[in-house]
Structure formats: structure tokens, C-alpha cells
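This report concerns charged side chains and their pairing. Please look over the sequence and the structure before reading on.

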Amino acid sequence: MTSPTSPEEPWPVRTVARKIAEWINRLGSVWVEGQITQISLRPGAATAFLQLRDPSADVSLTLTASAAAVRAMDPPLTDGSRVVVHGRPTFYVGRGTLSLRVDEIRAVGIGELLARIERLRKLLAAEGLFDPARKRPLPFLPNRVGLITGRASAAEHDVLTNARQRWPAVQFEVRNVAVQGSTAVPQVLEALAELDRMPEVDVIVLARGGGSVEDLLPFSDEALCRAVAACRTPVVSAIGHEPDSPLVDHVADVRCSTPTGAGKRVVPDVAEETQRIHQLRDRARRALHGWVDRERRLLDALRSRPVLADPLGPLEQRAEQVAVLRDRARRAMTTVLTTEQHALTATRSRLTTLGPAATLARGYAIVQRIEDGADGVVRSVDDAPPGTRLRVRVADGAIHAVVPDRAS
């Protein structure tokens, strides 16, 4: 490997150009696909110069081809034609330019384009980019609507007119781009990224009128579809007419068949919303009146009940019941006390009759003879020998002592 250069030992221009040419020549022949954006074919010239552009990026390459081969193309090549070319990269040392020397040019037909779109459709569907679960709902009333469309196009007019008819205060952030041709995809991608970064933009509309399959090819581009799927802002696709169905329609969060439909979809109708508000207000008023009437009837029913119509009546009834029960309790208690008092009196009478005090009051004595050693106290008259005189000491109607009379 050649050693690096230095400020003291730089390479001359011819050496650099020659080394670049050597590296490029090693690439060999390649097949390249792209869109023709410029054709320079002078009358009588043997060489034609063309520009081949990448449909998904802002990258182009110069082609040199035989003028006869270019003129023999059927249909003739035009700006925007999709082609596949075979050639060899060539670096011209004298001018320091790179070009692709083409020896064969093949036009990409509609059938092949549709087949490629179908293969891309299946790929994106397998990755889940068409899944309804990942699609986001549109805001009810966006703060600002981003619009990507062609300059002064019918699609722009339809979206703006219909949206402002429905909601006059709607605000738009319009980005005019190429909507067909080789520059369409890069410009749409740039506008889409710019609007997606703006926090005040709540929804983005991609709008384009109808056209041929070739005209709508940019909206089936893989890079554009993936960019739409990666947007944080909801995207509305309004490409072509009802039969048209580019891939971006399936990736976008909402698909509208026409730009007119998109203008009606992104904002509500102020007249309809005003009418809906009036209807909801009337419903709320009727519901509130109905509820108040029901509660009033319930309150009247409660007030008509005896307990609320005459709140003192039940209390007076209860007071009378309490008085009756109190009298019954008093009478029952008095009866019990009287009965017990009579029983106590009868018992006291029996005790008085059977007690010693009554016997003593009649002149009798009840004595007992105490056993020997107890000072001769007689505990019972029956124990004393007949004819024994006894001395009885009585105090307060009770016998305190009965002793033999020593005098006898």
C-alpha cells in the first residue's frame, strides 16, 4: 500500500486523478436503475449525455451513451422515464469527472413497475407497516394542519377550500413540492420531516391529484412509505382518485380517496358542531328538568306521609302510650306493695300471738332449768321439783333470769 502523503511530500493532481481512475476501473460493469432527468442529444452528435437520478435520494449520475442507441429507444426516453442501464464507471482524468459509460438501456415497463410495487407491498405488510393497530387517530380540531402538495395545484385548492368552508379558523402550514418526477421523493421527504418537527402541526396531509401509474410512482416509494410510518404526527394520504391506491395510502394513518375528502376529514364542520352543541344543550336541559321534576315529586311524596305531614302526632301518641304504661306500672307496683304489706302484717300478728311477750302479759312465765353448775338457773318449769318457788326477773317484757327462790 502506498504510504500516506504529508505536507512535505504531497501528491500532484495527476497522481491523485490516476489513482482514482485505477480504483474506479476495478469496479467493472454494473446494472443501475434510476430515472432520467436530463437528456442532451445534439443533432449529428455521436454521443448522448443523460442524467440518471435516484428516485429516493438527491443523488444523480452522468451517463454517456451512443446517440443511436438513445434514438432507437421505443418509446422514446423522456424526463422521468424509469430505466435500467448497463455500463462501466469511467473517471476522466483530464476533467476530473465521473460518468457511467452505458452500452445498454432498458426501459422499465408498467408491468414490471407494478410487480415491484406488489413485492414492496408484501414486504411492508409483513413488517407490520399496514397494521391498523399502529395507526393513530386524528385530532378532533388540529391547532395547525400541515399540507404537502404541488404548487398552485388543484389538490391544494381543494384541501384549503373545503377545510375552510367547514372550519373558517383553520390554519395551514403549506409546503409546495414536486409531486411527480425524479425530484418528488426527496422534496416530499424533506417537507415531511420539517412538518413533523414542528410542534404546532397536529396533522399532515399528503395531497396530489390523479395521474397515470408513472405519475404516482413517487408515492409508492419505499423510502417515503417508511418515512410516513416513522412520523410522530398523524398523516393523511389523499393521492389521486378513488381507483388509485399507492402504497403510502396503506401506511398513512388515514386514507382519503381525494384531496376534497381530506379537506373535509381533517377538521370538523362548524355548522354541524354548533347544531350538535345545541342538541346536547337541549338534551342536558331536558335531562336536568326531568331530574328536578322527579326529585320534586319524590319530595312531595315524602312530605305527604303522615310522619312528615304531622310530625308531632306520633310523638303525642307515644307520650300517651308512655303515660298508660307508667300508670299500669304504678298500679302494679302499688298492688305488689299492698299485698306484701298485708302479708307482713299477718306474719307480725302471728309472731305477736305466738311470742313470749303476750304470754307474760297474761301473767304466765316460761322458764327453763339450767343444768348443775349453772347457779341453779331453771331452764324449764318442768325440771323444777313440785312445790319449788321460782324467782323470775322480767324486764322490758322479756324474761332475763329464772332462779330458785332461796327462801323456800
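Two residues are said to be in contact when heavy atoms of the one lie within 4.5 Å of heavy atoms of the other. The model examined here is a predicted one. By that criterion, and with neighbours within four places in sequence left aside, Asp-269 is in contact with Arg-166 and Trp-167. Asp-269 itself belongs to the loop that runs between helix 8, residues 259–265, and helix 9, residues 270–304.

Although Asp-269 is buried, no salt bridge is found for this residue. The nearest side chain of opposite charge is that of Arg-166, at a distance of 4.2 Å, and because a salt bridge requires a side-chain nitrogen of Lys or Arg within 4 Å of a carboxyl oxygen of Asp or Glu, the pair of Asp-269 and Arg-166 is not counted as one. Arg-166 is thus a contact of Asp-269, but not a salt-bridge partner.

Elsewhere, pairs that do satisfy the criterion can be found, and a search of the whole structure gives 15 salt bridges. Three of these pairs are set out below, each with the separation of its N and O atoms and the relative accessible area of both residues.

| Salt bridge | N to O | Arg, relative accessible area | Glu, relative accessible area |
|---|---|---|---|
| Arg-18 and Glu-22 | 3.2 Å | Arg-18, 41% | Glu-22, 35% |
| Arg-106 and Glu-104 | 2.7 Å | Arg-106, 46% | Glu-104, 30% |
| Arg-226 and Glu-222 | 3.1 Å | Arg-226, 29% | Glu-222, 33% |

In the first row, Arg-18 is partly exposed, and Glu-22 is partly exposed as well. Both residues lie in helix 1, which spans residues 13–25, and because they are 4 residues apart there, about one helical turn separates them. For the pair of Arg-106 and Glu-104, the side chains meet at 2.7 Å, with Arg-106 partly exposed and Glu-104 likewise partly exposed.

The remaining row belongs to helix 6, residues 222–230, in which Arg-226 and Glu-222 stand 4 residues apart and are therefore separated by about one helical turn. Arg-226 counts as partly exposed, and so does Glu-222. Beyond such individual pairs, Arg-144, Glu-173, Arg-175 and Glu-194 are joined into one network by salt bridges that share partners.

Taken together, these descriptions set a buried Asp-269 that has no salt bridge beside paired residues such as Arg-18 and Arg-226, of which Arg-18 is partly exposed and Arg-226 is partly exposed too.

Methods
Residues are numbered from 1 along each chain as its sequence is written. This is a predicted model: local features need pLDDT of at least 70, side-chain atom pairs count only at pLDDT 80 or more; totals for chains, interfaces and linings use all residues. Side-chain values use heavy atoms; hydrogens and water are left out. Helices (H or I, at least four residues) and strands (E, at least two) are DSSP runs, numbered from the N terminus. Buried means under 20% relative accessible area, exposed over 50%, partly exposed in between (1.4 Å probe, protein chains only). Lys and Arg count as positive and Asp and Glu as negative; His and the chain ends are not counted.
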